[in-house]
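Reader: Got a minute to walk through this one with me? Put it up and I'll fire off questions.

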Amino acid sequence: MLQALIPAVAELASGWMTNRKEKAVAKQKLAVAKIEAQVTKVQSDANWEEVAMKASDNSIKDELWTCAFILLIAACMWPDAQPYIREGFLVLKNDCPEWLSWGILASIAASFGIKSIGRFKT
């Protein structure tokens with residue numbers, strides 16, 4: 001009877017070891033796939049940034065936006081302009097359509113090469 005149990009136990013142990021080995025191989029393949037996905041993402045991000053830099057070589061959008069921000073900040077320091085600036089920002093905040101707000105954000109983000117505009121919340 002013992003001789004009949006030994007092959008069954010050996011087969012059970014062999015199956016368990018095979019299953020364990022398959023799980024380890026699957027985990028390793030998953031880890032490799034995750035690393036490859038990260039490498040692909042980094043490469044595509046680098047490609048996007050290179051294309052964006054080439055596209056903005058002959059563009060002055062970022063300089064114009066920078067000047068606009070500097071002028072706006074400077075105007076905020078001028079007491080006579082403060083009520084008009086405050087009122088303008090209230091109009092943009094309360095009465096501006098959402099598509100226009102996103103358009104402004106997208107324009108500024110594209111100008112400065114920011115890809116994560118989807119993370120912004122209005």
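Reader: How much of the chain is buried?
Author: Buried residues make up 6% of the 122 residues. Keep in mind that this is a predicted model.

Reader: And the accessible surface, what does it come to?
Author: About 10600 Å² for the chain. Carbon and sulfur atoms account for 66% of that.

Reader: What about confidence, what does the pLDDT average?
Author: The chain averages 80. A score of at least 70 is reached by 83% of the residues.

Reader: Which element has the lowest mean pLDDT, and which the highest?
Author: Helix α1, residues 2-55, has the lowest mean, at 80. Helix α3, residues 82-94, has the highest, at 90. As a general caution, coordinates should not be read in detail where pLDDT is low.

Reader: Back to the fold. How many helices and strands?
Author: The chain has 4 helices and 0 strands. Along the sequence the pattern reads α-α-α-α.

Reader: Pockets next. What volume does the largest have?
Author: About 350 Å³. Its lining counts 13 residues, and the closest to the centre are Phe 69, Phe 89, Leu 92, Ile 104 and Ile 108.

Reader: Which helices supply at least two residues of that lining?
Author: α2 (61-76), α3 and α4 (98-112) each do.

Reader: How does the lining split by class?
Author: There are 10 nonpolar residues, 2 polar and 1 charged.

Reader: Changing topic: how many disulfides?
Author: The structure holds 0.

Reader: Take the cysteines, then. What is the relative accessible area of Cys 67?
Author: Cys 67 sits at 44%, so Cys 67 counts as partly exposed.

Reader: And Cys 76, what figure there?
Author: Cys 76 has 29%. Cys 76 is partly exposed too, because buried would require under 20%.

Notes. Residues numbered from 1 in each chain as written. Predicted model: local features only at pLDDT ≥ 70, side-chain atom pairs only at ≥ 80, totals over all residues. Heavy atoms only, no water. pLDDT = per-residue confidence, 0-100. 1 Å grid on protein atoms, 1.4 Å probe; cavity = no way out; pocket = protein on both sides within 12 Å on 5 of 7 lines; lining within 4 Å. Points joined across faces, edges and corners; volume = space filled by probe spheres on them. Nonpolar A, V, L, I, M, F, W, Y, C, P; charged D, E, K, R; others polar. Buried < 20%, exposed > 50% of the residue type's maximum accessible area, 1.4 Å probe, protein only. Areas by Shrake-Rupley, 256 points an atom, 1.4 Å probe, with all protein chains shown as cover. Disulfide = S-S within 2.5 Å.
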